[in-house]
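Visitor: I have just started learning to read protein structures. Could you walk me through this one, step by step?

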Amino acid sequence: VLAFMTAVGVDAAHLVGHSLGGAVAIACAIAAPSRVKSLSLIAPAGLGTDINGDYLRGFISAESRRDLKPLLQQLVANPDLVNRQMIDDILKFKRLDGVSDALTTIAAAFVDGNTQTTVLREPLAALSCPVQVVWGRADRIIPVAQADGLPAAVAVHVVDGAGHLPHLEASNVVNGLLTSFIGAHA
């Protein structure tokens, strides 16, 4: 991410990361604090050890609509949001050359069983940039309880009626939080 920012001439940015992208955003802020204006973390990995490793392994190995649908339904509070188009789009992505190997490599580097192997909670507390966390109360992938006990300076927003994809399930709420937070720290 930092190399990309350099390549396109961005000196500093407001980073928004979802799930593993949240851990990546935190790692960027740790590595180059002057390049991160603020962090918005949506259901982020890296704030605790628990994770639904069965979901990850199942997602990586799923090759059919029948296998993938119940896994995708774990991502949301309302399983009716998982429709045929969503399933087909994800299957198309998963069938691209190299995707399966990449997903397997990423999962092996970050998860051991049902445990996240990288926890960035302590370094997060040391960051000087503004941080907000947005989490769906019904998250079945990374427990929302990982938002408990974060430093007082971290703005925590728990979204009712949303799971691991609050930006999909409650897009107006999440977009409003992002707009307000980034605008306040521009």
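Visitor: What length does helix α9 reach from its first C-alpha to its last?

Guide: Happy to start there. This is a predicted model, in which local features need pLDDT of at least 70, side-chain atom pairs count only at pLDDT 80 or more, and totals for chains, interfaces and linings use all residues. Residues are numbered from 1 along each chain as its sequence is written, and side-chain values use heavy atoms, with hydrogens and water left out. Helix α9 covers residues 171-184, which makes 14 residues, and its span is close to the 20 Å expected at 1.5 Å a residue (1.5 Å times one less than the number of residues), for it reaches 20 Å.

Visitor: How are helices and strands picked out, and which residues of α9 are buried?

Guide: Helices (H or I, at least four residues) and strands (E, at least two) are DSSP runs, numbered from the N terminus. Buried means under 20% relative accessible area, exposed over 50%, and partly exposed in between, using a 1.4 Å probe and protein chains only. By that rule, the buried residues of α9 are V174, L177, L178 and F181.

Visitor: Within what arc do the buried residues of α9 fall?

Guide: Picture looking down the axis of α9 and noting the directions from the axis to the C-beta atoms. The buried residues line one face of the helix, because they fall within an arc of 95°.

Visitor: Which exposed residues does the face of α9 turned away from its buried side carry?

Guide: The buried side has its cover, which includes β1, β2, β5, β6 and α8. The face turned away from it carries N172, T179, S180 and A184.

Visitor: Which helix gives the most to the largest nonpolar core?

Guide: A nonpolar core is a set of buried Ala, Val, Leu, Ile, Met, Phe, Trp, Tyr and Cys residues joined through side-chain atoms within 4.5 Å. The largest one has 44 residues, of which L15, L39, L41, L68, L72, L124 and W135 touch the most other members. At least two residues each come from β1, α2, β2, α3, α4, α5 and β5. With 5 residues, the one that gives the most is α2.

Visitor: Which residues is L72 in contact with, leaving aside its neighbours within four places in sequence?

Guide: Contact means heavy atoms within 4.5 Å. L72 is one of the core residues that touch the most other members. Its contacts are Y55, F59, V82, I87 and I90.

Visitor: How far from the centre of the ring of F59 is the charged end of K94?

Guide: A charge sits over a ring if NZ of Lys or CZ of Arg is within 6 Å of the ring centre and within 35 degrees of the ring normal. The charged end of K94 sits over the ring of F59, and its distance from the centre is 5.1 Å.

Visitor: Is A43 buried or exposed?

Guide: A43 lies in the loop between β2 and α3. Its phi is near 45°, a positive value in a residue other than glycine. With a relative accessible area of 0%, A43 is buried.

Visitor: What separation do the C-alpha atoms of L81 and E169 have?

Guide: L81 is in the loop between α4 and α5, and it is partly exposed, with a relative accessible area of 37%. Not counting residues up to four places away in sequence, L81 touches V76, M86 and E169. L81 and E169 are 88 residues apart along the chain, and their C-alpha atoms are separated by 8.2 Å.
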